[in-house]
Amino acid sequence: MSVLDDIIAGVREDLAPRVAALPLEKLRDDAGAAPAPRDAHAALSGNGSGITLIAEVKRRSPSKGQLADIVDPAALAARYETGGAAVVSVLTEQRRFDGSLADLDAVRAAVELPVLRKDFTVDEYQIWEARAHGADLILLIVAALTDDELRRFLDLTHELGMNALVETHTRDEVERAVAVGARIIGINVRNLKTLDIDRSVFGPLATGIPEGTLIVAESGVRDVADVGRFASDGADAILVGEALVRHNNPEDTIAAFLDAGRTARLALQDQPTA
């Protein structure tokens, strides 16, 4: 069993008691009563002069273990907003990441930015659940879904007024994401089946994504050099967790990363055309 398979098995086990406690019909009512979704696609599009940043509230990970003791996720999210993040991502998976829907609620109430529910979506229930808790953006991992699930889940996400970050890691997964009409495609340089990181996969995969689709570089962002490389290779946005939660001043880190992305994009514009 791969790491991804093991995580998904745990997600399904943890989902069952939530479904039993709150039937889908009632959850749909809660979703309808939630605040209107914010436009994450527009937020990530930026102004075209650089890149945008998704800042993540992340306590731990399967690959690194404990990252930070985040007692107040709302306060951290507010600092992300002050620093210039475009979207705040909140891990809600509990077994491997120590996340919760309570974290999502707290962050949604604390910031004006769009909020991403970062979890392993394997059931329609979780999409309604995300909307009921105020999420504006959800994660759909191509490797975890069939083509039919991917299409149905993406359609439901859009019907609810949200956007989806459709995550890929291979050329086949990029092609599948493009085929269902994903508007925001993430390229995760971490292989979720092994947890290995290979930053070199980003550039070649980005070239297979149609113009007009937002491209997000996920995982592996350690410093400004990584940001510059991803921006030069076509990233419109980067998703950053560890490098922010381990830093005493995430505002400065965000500013430095955005500046590196802007510099890389300007350098591309200045290159002579053939």
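Guide: Contact means heavy atoms within 4.5 Å. The model is predicted: local features need pLDDT of at least 70, side-chain atom pairs count only at pLDDT 80 or more, and totals for chains, interfaces and linings use all residues. Numbering runs from 1 along each chain as its sequence is written, and side-chain values use heavy atoms, leaving out hydrogens and water.

Visitor: Which residues are buried in helix H5?
Guide: H5 covers residues 101-110; helices (H or I, at least four residues) and strands (E, at least two) are DSSP runs numbered from the N terminus. With buried meaning under 20% relative accessible area (1.4 Å probe, protein chains only), the residues in H5 are Leu-101, Asp-103, Leu-104, Val-107 and Arg-108.

Visitor: What arc do they cover around the axis?
Guide: The arc is taken over directions from the helix axis to the C-beta atoms. These residues are on the same side of H5 because their arc is only 150 degrees.

Visitor: What covers the buried residues of H5?
Guide: Strands S1 (52-57), S4 (87-91) and S5 (115-118) are included. The helices included are H1 (3-21), H4 (73-83) and H6.

Visitor: Which helix gives the most to the largest nonpolar core?
Guide: A nonpolar core joins buried Ala, Val, Leu, Ile, Met, Phe, Trp, Tyr and Cys residues through side-chain atoms within 4.5 Å. The largest has 68 residues, and Leu-53, Tyr-80, Phe-202 and Ile-238 have the most contacts inside it. With 5 residues, the helix that gives the most to this core is H12 (residues 250-270).

Visitor: How many residues has the other core?
Guide: This core lies apart from the largest one. Leu-137, Ala-144, Ile-184 and Leu-214 are among its residues, which number 25.

Methods. Buried means under 20% relative accessible area, exposed over 50%, partly exposed in between (1.4 Å probe, protein chains only).
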